[in-house]
Amino acid sequence: MIMLGVNQTIMAALSMLAIAALVGTRDLGQQVYIALGKADAGLGIVAALSIASLAILADRLPQDGIRDSGIETGSLC
């Protein structure tokens, strides 16, 4: 259950990247904001794929770590 909470926190943070660019951050979300402002489809696709690959990586790594450690998942007891 704790890992699920950590996973959801990471996913929420990644989904806020593009919104955080509106308040002046200088990270990957800024690239999305620039791509939207200039109607640059290439930059938008690259930035979106970067965010998506980070999200997939952040989702899969903890799952593999739990699976390799032998911790039983799916039971509430």
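These are my notebook entries on a predicted model of one protein chain.

**Entry 1: the overall fold**

I started with the secondary structure and counted 4 helices and 0 strands. Reading along the sequence, I wrote the pattern down as α-α-α-α. The chain has 77 residues, and buried ones make up 17% of them. I then looked at the contacts with a separation of 6 or more, and found that 39% of these join residues 24 or more positions apart. For the surface, I noted an accessible area of about 5700 Å² for the chain, with 68% of that area belonging to carbon and sulfur atoms.

**Entry 2: the core**

Next I asked myself which residues make up the largest nonpolar core. I found 6 residues there: Leu-14, Leu-17, Val-32, Ala-47, Ile-51 and Ala-55. Helix 4, which spans residues 41-69, gives the most to this core, with 3 residues.

I picked Ile-51 from the core and listed its partners, skipping residues up to four places away in sequence. Ile-51 touches Leu-14, Leu-17, Leu-28 and Val-32. Two names on that list, Leu-28 and Val-32, sent me on to helix 3.

**Entry 3: helix 3 and its two sides**

Helix 3 covers residues 28-38. I looked for its buried residues and noted Gly-29, Val-32 and Ala-35. Where do the buried residues of helix 3 fall when seen down its axis? They stay within an arc of 120°, so they line one face of the helix. On the other side of helix 3 I found Gly-37 and Lys-38, both exposed.

Leu-28 also has its place in helix 3. Is Leu-28 buried or partly exposed? Its relative accessible area is 23%, and buried requires under 20%, so I put Leu-28 down as partly exposed. Leaving aside neighbours within four places in sequence, I still found Leu-28 in contact with Leu-17, Ala-47, Ser-50, Ile-51 and Leu-54. I also checked Leu-28 against Ala-48, which is 20 residues away along the chain, and the two C-alpha atoms are separated by 9.1 Å.

**Entry 4: Tyr-33 and a nonpolar patch**

I stayed in helix 3 for Tyr-33. At 40% relative accessibility, this tyrosine counts as partly exposed. I met Tyr-33 again on the surface, where it makes a nonpolar patch together with Met-16, Ile-19, Leu-22 and Val-23. I noted about 540 Å² for the area of this patch.

**Entry 5: just past helix 3**

Which residue takes a positive phi just after helix 3? I found Ala-39 there, with a phi of about 55°. I marked this one with a star, as Ala-39 is not a glycine and yet has a positive phi. Ala-39 sits in the loop between helix 3 and helix 4. With 68% relative accessibility, Ala-39 counts as exposed.

**Entry 6: helix 1 against later parts of the chain**

Last, I turned to helix 1, which runs over residues 2-15. I chose two of its residues, Asn-7 and Met-11.

Why does Asn-7 count as buried? Its relative accessibility is 15%, and the cut-off for buried is under 20%. Along the chain, Asn-7 and Ala-58 are 51 residues apart, but I read a separation of 7.5 Å between their C-alpha atoms.

Met-11 came out as partly exposed, at 24% relative accessibility. What is Met-11 in contact with, once neighbours within four places in sequence are left aside? I listed Ala-55, Ala-58 and Asp-59. For Met-11 and Ala-55, 44 residues apart along the chain, the C-alpha atoms are separated by 6.4 Å. I had already written Ala-55 down as a member of the largest nonpolar core, and Ala-58 as the partner I checked for Asn-7.

Conventions:
Residues numbered from 1 in each chain as written. Predicted model: local features only at pLDDT ≥ 70, side-chain atom pairs only at ≥ 80, totals over all residues. Heavy atoms only, no water. Buried < 20%, exposed > 50% of the residue type's maximum accessible area, 1.4 Å probe, protein only. Patch = residues over 30% accessible without salt bridge, like charges linked within 9 Å, V, L, I, M, F, W, Y side chains within 5 Å. Areas by Shrake-Rupley, 256 points an atom, 1.4 Å probe, with all protein chains shown as cover. Salt bridge = Lys/Arg side-chain N within 4 Å of Asp/Glu carboxyl O. Arc of directions from axis to C-beta. Contact = heavy atoms within 4.5 Å. Core = buried A, V, L, I, M, F, W, Y, C linked by side-chain atoms within 4.5 Å.
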